[in-house]
Each structure stands twice: as structure tokens, then as C-alpha cells.
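User: I'm new to this one and would like a close look at its biggest pocket. Could you walk me through the pocket and then through what surrounds the elements that build it?

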Amino acid sequence: MAQGSEYPARPIELVVPYPAGGGTDVLARAFAQVATKYLSQPLIVINKSGAAGAIGWSYVTNSPPDGYRIVILATDLVVQANMGYTKITYRDFAPIARLNFDPAGFSVKADSPWNSVAEVLAAAKKGGLSVGNGGTGGAYHLAAAALEKQAGVEFTHIPYQGAGPSALALLGGHIQATTIAGAEVWPYVTGGKVKILGMMSATRTEGYENIPTLKEQGYDIQLGAFRGLAAHKDTSPAIMATLRQVAAKVAADPQFKDALKKQNMGYAYADGPAFQEALAKDHAFYAELIDKAGLKGKP
């Protein structure tokens with residue numbers, strides 16, 4: 001294993017467990033670009049999508065803990081394990097830093113006949129409303145399921161290999177709505193092709209001030225997606241120190257912050273120990289939520 005003083009001696013893979021083009025991919029590429037200022041070797045972004053992130057995460061947990069393969073963690077990690085879809089948990093990783101958090105949004109095409117969540121739910125009560133998500137058992141699937149339960153309706157859940165493909169399916173008319181993060185559809189919102197009818201946050205958030213929360217519309221659902229960096233749990237302290245130092249510098253760099261702002265992605269930096277604590281809390285939160293909703297193991 002490379003020692004901290006020699007690390008990195010070659011390029012580092014930054015694994016994105018979702019397809020190219022989605023919000024997680026955009027964040028990773030922005031991070032990798034800015035990291036060239038602070039790291040002697042490049043970060044090479046590798047997309048390993050599928051199973052709501054589990055394929056990419058297992059790619060890293062099954063790799064040597066030498067610091068040359070790091071990964072983006074996202075909310076799907078704490079949801080998937082509690083749904084019973086994967087044995088991989090946050091405990092299999094050494095957190096480097098959290099970088100971002102975005103609330104989920106309920107979105108439809110701009111030319112759809114619905115202008116509120118209530119109107120969509122009224123249509124859903126007639127049956128057959130298709131709602132896309134970023135993968136079965138992922139955070140966005142759970143977001144739709146939580147709304148479904150509160151509203152007393154049934155959606156036709158359509159899973160995709162990430163939020164990006166779900167957004168494209170909405171644009172193509174293959175689904176009627178989606179519950180992915182607002183940031184994932186924001187370029188299409190600004191382009192006049194998509195409208196977000198509600199945000200799943202406690203209060204209106206920066207960048208979405210003109211969009212009502214679901215809570216305002218009678219449905220108290222507060223779910224979203226975090227994104228952060230991690231390495232294999234057995235990575236040496238010296239290498240982890242290097243990675244955390246670089247992450248802190250990139251996160252503070254105006255170029256990185258601007259890249260997030262352009263995508264309307266929420267900046268939410270937390271260092272390794274704070275990210276570890278947040279992961280543990282989120283894991284417990286989703287365990288309780290999934291248990292109460294009776295969703296464990298459901299497609």
C-alpha cells in the first residue's frame with residue numbers, strides 16, 4: 001500500500017455510481033476539475049451505474065484500500081440497505097467529506113395539464129399515473145412511496161438507472177411525473193420544458209423560493225439527496241488525511257461553489273467526522289421511516 005507521503009503516485013479513480021449527465025455526475029466532474037489545483041495526480045471520473053448506486057459502491061468496497069479508487073456516496077446508500085436491497089452500508093466506507101444536499105422535487109412536463117400536486121394526485125386516483133425514480137429502493141423511489149401513502153393513491157413506479165435517465169424519460173413523455181431532486185431537472189426548468197410542483201423540504205430553500213413545499217400543500221414529506229466522497233473503510237489514516245485536506249480545499253474554492261450554483265445544487269460541506277455522524281443519523285432515520293411505512297423489500 002502506498003504511504004501517505006508518497007500518495008498519490010498515480011491517477012485516482014473517482015467512481016460515480018450513476019450514469020453520466022445526472023446531478024451526481026456533474027458534481028463529481030466539477031470536483032475533479034477543481035482538484036487539479038490541489039492534487040498532484042488527476043481524478044479520473046468513472047461511471048459505474050446500476051441498482052440505485054449499489055454497483056458503483058460494491059466496485060469500491062471490493063477494491064484494494066489503497067486510496068486509488070474513491071466514490072460518491074448518496075442518500076440511496078442509507079435507503080437501499082434499510083430496504084433490504086443491498087448489504088452494503090455506510091459502515092463499509094471511510095467518509096472524506098459531504099459536498100451537497102438537495103431536496104427532492106415533484107416534477108412534471110411544462111405542457112402537462114397539472115399545476116399543483118393536488119391536481120396530479122387527483123389524476124392518480126383514477127389509476128395508472130406513472131412516476132419515475134432513480135432506481136428501485138432508492139431515495140427517490142421512497143419519496144414517491146411516501147407521498148403515495150400519505151395521499152392514499154397508487155402510482156405506477158418506473159425505475160431508471162439514475163436520476164438523469166428519469167429526467168430524460170419525463171422529457172420524452174415516457175412517464176408523467178418524477179420525484180428526483182430539483183437540481184436534476186433544473187436545466188429543463190430554466191429551459192421551459194419541466195415544472196416543479198413541489199419541493200420535499202421543511203421550508204422553501206435557496207434557488208427554489210418560488211416553488212411551494214409539499215408541506216405547504218398538505219403533505220409533510222421532507223426527503224432529499226446528499227452527495228459526498230468516501231474511500232474504502234480500511235484506507236490508511238495518512239491517505240485519508242490527504243484526501244480530506246484536498247476535499248476541504250476544493251469545497252472552499254469559488255470555482256467549485258459556482259459550478260454547484262449554476263446547477264442550482266445546494267452547497268452542504270461537512271468534513272469527514274461530521275459526514276460520518278450525518279450518515280449514521282440518516283441511516284437510523286430511513287430505517288424508522290421504511291419500517292413505519294411498511295416499505296421494506298417492496299419493489
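**The largest pocket and its surroundings**

Analyst: In this predicted model, the largest pocket holds about 680 Å³ of space. (A pocket is an open set of points on a 1 Å grid where a 1.4 Å probe fits, with protein on both sides within 12 Å along at least five of seven lines; lining residues have an atom within 4 Å of a point.) Its lining counts 33 residues, and the ones closest to the centre are Phe 101, Asp 102, Pro 103, Ser 201 and Thr 205. Now for the elements: strands S4 and S10 and helices H5 (139-151), H9 (254-262) and H10 (272-293) each give two or more residues to that lining. H10 has the largest share, with 6 residues. (Helices, at least four residues, and strands, at least two, are DSSP runs.)

A word on the numbers: residues count from 1 along each chain, and side-chain values use heavy atoms, without hydrogens or water. Local features need pLDDT of at least 70 and side-chain atom pairs 80 or more, while totals for chains, interfaces and linings use all residues.

Let's follow S4 and S10 away from the pocket. Both belong to an open, mixed sheet of 6 strands, and you can trace it in the order S2-S1-S3-S10-S4-S11. S2 (43-47) and S11 (267-271) sit at the edges with a single partner each, so one side of each has no neighbour in the sheet. From one strand to the next, the twist averages 25°. S10 (224-232) pairs with S3 (69-74) in the antiparallel sense, over 4 bridges (pairing takes at least two DSSP bridges). One spot to find is Val 71, whose bridge partner in S10 is Ala 230.

Helix H1 (23-35) packs on this sheet, touching S1 (12-16), S2, S3, S4 (93-103) and S10 (contact means heavy atoms within 4.5 Å). So H1 touches S4 and S10, two strands that also help line the pocket. The direction of H1 makes about 165° with that of S2 (angles run from 0 to 180 degrees). Is H1 mostly covered or mostly open? It's mostly covered, with 10 of its 13 residues buried, among them Leu 27, Phe 31 and Val 34 (buried is under 20% relative accessible area).

Another strand worth a look is S5 (105-109), where 4 of 5 residues are buried. S5 runs antiparallel to S9 (194-199), joined by 5 bridges, and Ser 107 stands opposite Ile 196 in S9.

Methods
Buried means under 20% relative accessible area, exposed over 50%, partly exposed in between (1.4 Å probe, protein chains only). Grid points are joined across faces, edges and corners, and a volume is the space filled by probe spheres set on the points.
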